[in-house]
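Colleague: I'd like to learn how to read a fold at my own pace. Could you take me through one, feature by feature?
Modeller: Gladly; let's put it on the screen.

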Amino acid sequence: MPPAITAAELAAHTPVMQQWLRAKADHADKLLFFRMGDFYELFYDDAQQAARLLDITLTARGQSAGKPIAMAGIPYHAVDGYLAKLVKLGVSVAICEQIGDPALAKGPVERAVTRIVTPGTLTDANLLDDKTDSLLLALCIDRQRTGLAWLNLASGDLRLLETSLDALPEQFERLRPAELLLPDALRSGLPETRAVTQHLPDWHFDGRAAAHALAEHFGTRDLGGFGVQDEELALAAAGALYRYAQATQREALAHLTQLTVEHEGSFLRLDAATRRNLEISETLRGEPAPTLLSLLDTCATSMGSRWLRHCLHHPLTDRGIPQARQAAVAALIGDAGRGPHAALATALSGFADIDRIAARIALKSARPRDLSSLRDSLVRLGDIRARVGADGTAVRLDELAAALGTPQACVELLMQAVAPEPGALIRDGGVIAPGYNADLDELRAIQDNCGAFLIELEARERTRSGIASLKVEFNKVHGFYIEVTHANVEKIPEDYRRRQTLKNAERYITPELKAFEDKALSANERALALERQLWDELLGALAIHIPLLQRIARAIAELDGLTAFACAAVRHDYRQPEFCEEAALEIEGGRHPVVERQLVAQSASFIANDMRLSAARRMLLITGPNMGGKSTYMRQAALIVLLAHCGSFVPARRCRLGPVDAIYTRIGASDDLASGRSTFMVEMTEAAAILNGATDKSLVLMDEIGRGTSTFDGVALAFAIARHLVEKNRAWTLFSTHYFELTRLAQDYPVCANVHLDAVEHGHKIVFLHAVEEGPASQSYGVQVAALAGMPPAVVREAKRRLALLENREAGSLLQPDLFASAPPLPEPPHPALDALRDLNCDELSPREALDTLYRLARLAKD
C-alpha cells in the first residue's frame with residue numbers, strides 16, 4: 001500500500017476498503033485489526049506481517065481498485081491470544097470495531113478505532129504478566145541532563161525523575177520499560193534497551209503545556225503540591241507520555257490520581273552490572289530462577305509479588321522506612337514464630353488484583369468477573385484486618401490495617417448489581433444480578449417462560465391436529481417452528497405456513513407462534529442492550545471509589561510482601577539487622593540466601609562466614625582457590641546489605657550496618673559483541689564506573705580484576721585500582737584476586753586486611769573448606785580444580801610438570817647475578833621499600849614468601 005493515497009485513488013476502492021484505508025492512514029505504524037462479522041481481518045502488508053508473526057493463513061480474495069487483496073483473519077473470540085503474541089514481539093495493534101448497527105446500515109456498517117494496544121499501555125489481564133509491571137517511559141534530554149517520566153498504566157502510578165545522561169543505563173536496568181517514547185530529533189546516542197521505541201513529534205515534549213495538562217487532570221492550580229519544582233525536562237517527558245497514553249486508551253485516565261517525584265539518592269545506587277551480578281530477579285542466563293526474588297516470593301497475591309519485586313530493586317537510603325518494615329516483620333513473626341504471618345498468608349490467598357481492576361474500571365474495560373472478584377475480595381477485608389492484629393507494637397502494621405477499611409458503599413453496589421456467577425463477557429448477558437433493574441427482570445422473564453410456553457403450545461397443537469409426533473422447537477437460524485413428518489402433512493390445520501422443507505419432515509409457523517417469536521427474540525435483544533447500558537452506568541458509579549480502591553490495593557500489596565519477608569525469616573532462620581551511625585559493616589554467620597537453599601535441596605550444608613569492615617578496616621583482600629567460595633562470600637555480603645535496606649530480615653546470625661549509599665560490583669566475565677566491546681573492555685568499563693562513582697559509604701565488590709589481559713598488565717591494573725579505592729574512594733571494598741602480589745597492600749595500608757578461603761588436598765583430590773580465615777592464601781589450586789572439571793589426566797599431569805618448572809625457574813632466577821649487574825646503588829634511607837624490608841621478620845616467612853621478597857628487592861634494585 002502506498003504511504004499516501006489521493007482522493008481519486010481512494011474512490012477507486014470498494015466502500016469497505018475505503019474505510020480500512022482511512023483507518024490505516026491514521027495508524028500506519030500499527031497492525032490494524034478490522035472487524036468484519038465474527039473475524040478481525042488484516043489486509044495488504046498487515047496481512048503478510050501478521051501471517052508471518054502469528055503463523056496464520058495468508059490468502060488473496062476479491063479485488064479493490066482492480067487489484068487482489070492480500071488477507072489474513074483471526075476469530076474475534078480468540079483475539080486476546082493473538083494480541084498477547086504480538087505484544088511479546090513488540091508489535092502495536094489498532095483495533096477497529098463495528099460501532100454501527102448492520103441492520104440499519106444502508107452501506108458499509110460504521111467502524112472506528114476503539115482501542116490501541118502497545119507494549120507499554122497494557123491493562124487487560126490476559127495481556128499482562130501478573131507479577132511484573134509493564135512501564136511506559138518517556139525521555140527528554142538537554143545536554144548532559146535527562147528528564148524521565150514513566151507510567152504504570154495498569155495501576156495509575158506516574159513518576160518523574162531528573163538525572164545525568166551517564167545514569168541512563170542504570171535507570172533503564174532499574175525500570176525495565178516495555179515501551180520508550182522519544183522526540184523525533186533524538187535518534188542516536190542512547191544506551192541499549194529492550195524496550196520498543198516510539199518517536200513522537202518534538203512539540204509533544206513541551207514542559208509548559210505538560211504542566212498545564214497535568215494540573216487540569218488533577219484539578220489543581222499547579223503541580224507544587226506533588227513536589228514538582230524545577231523538573232522541567234521530566235515534565236516535558238511527562239507531557240508526551242500523558243498525551244500518548246490518552247490517545248491509546250480513548251478514555252480519560254481517571255485512575256491517574258497522583259504524581260510522584262523521585263530524587264537521586266532516595267535509593268541505594270545499583271548500576272546495571274550490579275543488578276545483573278546479584279541476580280535479584282533474573283539469573284545471569286536471563287532466567288527467573290533461582291534468584292533472590294524467586295526465593296522470597298511466597299506472596300499470596302499478584303499485587304504482593306509486584307511490590308516485592310519493586311522493593312528488592314529499590315533498597316532505600318532513608319533507613320526509617322526499612323526499620324519500620326522490619327518492626328512489622330518482627331510483629332508478624334511473633335515470639336518463636338507464633339505470630340500471625342501464616343494465618344495472614346492463608347487469608348490473603350485468592351485475593352483479587354484490585355490494583356489493576358481499578359484501572360480497568362477507570363478505562364471502562366473491566367470485565368464482569370473483574371467486578372465479581374472485586375466484590376468477593378472486598379467483603380474479606382474485615383477478616384484480614386483482624387488477622388493483622390494491629391496492637392501498636394509495629395506502627396507500619398497499624399497504618400496498613402487502618403487502610404483496609406471495608407468500603408461499604410462500593411460493596412453494597414457490587415452486591416446489588418453483579419450476579420453471583422456472572423458471564424465471562426457482557427455481550428453474552430447474565431451479568432447484572434436479578435432484582436437490580438425491573439425492566440431487565442421483565443425481559444428475562446419472557447425468555448425464562450419460553451420453555452413452558454412451547455411445551456404448552458406443543459400439547460395444544462397435537463390435540464388440535466391429531467398429530468402425536470408433532471414437535472415445537474427452536475434454532476438460531478430459523479427461529480421457532482412446528483415440525484411435522486411427511487406422513488402427517490395432510491392433517492395440518494389451515495393456519496400453518498411452511499417455513500422449511502426437510503428430507504423427512506416439513507417445518508411450519510403459525511400466527512400465534514410468530515407473535516411469540518417476535519416477542520421472545522425482541523426481549524433477548526432488548527435485554528442484552530439494557531444489560532450493556534446498565535453495565536456502563538455501573539462502571540461510572542464505581543469510578544468515584546477508585547482512589548479508595550487504590551489505597552486498599554497498596555496496603556494489601558505491602559502487607560502481602562511483608563508477610564513473605566516474615567515467612568522467609570521463619571523458614572530460613574533470618575535475623576533482624578541493626579542500623580548504626582558509625583562507619584561499620586559487620587556480619588556474623590552470613591549466608592548467601594539463594595546458594596544456601598540450593599545446597600539444602602541437595603542435602604548439603606552452607607558454611608556461614610563473618611565479615612567485618614570498619615573505619616580502620618575498609619578493604620578485604622580475598623584470596624583462595626577457584627571454586628573456593630570467594631564470589632559467593634562477596635555476593636552474600638551485598639545481598640545482606642540490600643535486604644536490610646529493603647526492610648527484610650537477613651541471612652545472618654547478626655548484622656550491624658552503618659550508612660550505605662550504593663552497591664557496586666565487578667564480577668564475572670562477559671563480552672558485548674553488539675557494541676564491539678571485548679570481555680576485557682567490559683571489565684575495564686565497569687571498573688571505571690566504580691572508581692568514578694563510589695564514595696566512602698559505597699560497598700564495592702571487585703572479583704579478579706585484570707584477569708583478561710597479560711599477567712603483568714593485570715597485576716599492575718589490579719594494584720592501581722585497589723590503591724585508588726583505598727586512597728581516593730575510601731569505599732567498603734571486597735577485593736578478590738589470584739594475584740598474590742596484591743596481598744602486600746595490607747603492609748602498606750593499615751585499612752587493608754587479608755582474608756582467604758582455604759582448601760586441602762586429600763590424596764589426588766581437593767577438598768574446599770569454604771571457611772573464611774584471616775591472612776592470605778598459600779596457593780590457588782588451579783591445576784587441581786581443572787582435574788575436578790574433568791580435564792584429561794594427561795593434560796593435568798603436563799600442567800603439574802609445567803607448573804613445577806615455572807616455579808623452579810622463578811626461584812632459580814632470583815639467584816642469578818645478572819639481575820643485579822647494572823643495578824644502581826640502593827637509595828639511602830628514608831625509602832619506604834627499604835623501611836618495610838628493615839622491619840620484616842624473615843623468620844616468619846615461608847620459603848616461597850622469602851623468594852618473593854628477594855624477587856621484589858631485585859626488581860627494585862634494577863629499576
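Colleague: What is the order of the strands in the open sheet of 4 strands?
Modeller: Before we start, keep in mind that this is a predicted model. The order is 18-22-19-20, and the pairing is mixed. Strand 18 (578-579) and strand 20 (609-614) are the edge strands, each of them pairing on one side only.

Colleague: How many bridges join strand 19 to strand 20?
Modeller: There are 5, and strand 19 (residues 584-590) runs antiparallel to strand 20. To see one of the pairs, pick E586: its bridge partner in strand 20 is R612.

Colleague: Which helix lies across strand 18, strand 19, strand 20 and strand 22?
Modeller: That is helix 23 (residues 630-646), running at about 70° to strand 20.

Colleague: Let's move to a helix near the start of the numbering. Which residues of helix 3 are buried?
Modeller: In helix 3 (residues 44-54) they are Y44, D46, A47, A50, A51 and L54. Looking down the helix axis, you find these buried residues within an arc of 140°, so they line one face of helix 3.

Colleague: What do the buried residues of helix 3 pack against?
Modeller: Their partners include helix 2 (15-26), strand 1 (31-36), strand 4 (67-75) and helix 4 (79-88). Just after helix 3 comes D55, which has a positive phi, near 55°.

Colleague: Now the interior. How should I think about a nonpolar core?
Modeller: In soluble globular proteins, nonpolar side chains tend to be buried together. Here the largest nonpolar core has 103 residues, and those with the most contacts inside it are L296, L312, I361, L371 and L378. Helix 21 (residues 546-572) gives the most to this core, with 14 residues. A second, separate core has 32 residues, among them A149, L151, V228 and L253.

Colleague: Which residues is L312 in contact with, leaving aside neighbours within four places in sequence?
Modeller: L312 is in contact with I280, L292, L293, L296, L642, L643 and C646.

Colleague: As a biochemist I always check cysteines. How many disulfides does the count come to?
Modeller: A disulfide is a covalent bond between the sulfur atoms of two cysteines. The count here comes to 0.

Colleague: Why is the sulfur of C299 without a bond to the closest cysteine sulfur?
Modeller: The closest cysteine sulfur, in C567, is 9.0 Å from that of C299, too far for a bond. C655 tells a similar story: its sulfur is 9.3 Å from the closest one, in C580, also too far.

Colleague: Is C655 buried or exposed?
Modeller: C655 is buried, at 2% relative accessibility. C299 is buried too, with a relative accessible area of 13%.

Note on methods:
Residues numbered from 1 in each chain as written. Predicted model: local features only at pLDDT ≥ 70, side-chain atom pairs only at ≥ 80, totals over all residues. Heavy atoms only, no water. Buried < 20%, exposed > 50% of the residue type's maximum accessible area, 1.4 Å probe, protein only. Helix = DSSP H or I, 4+ residues; strand = E, 2+ residues; numbered from the N terminus. Arc of directions from axis to C-beta. Contact = heavy atoms within 4.5 Å. Pairing = 2+ DSSP bridges. Axes fitted to C-alpha atoms, helices over the stretch in contact; angles between N-to-C directions. Disulfide = S-S within 2.5 Å. Core = buried A, V, L, I, M, F, W, Y, C linked by side-chain atoms within 4.5 Å.
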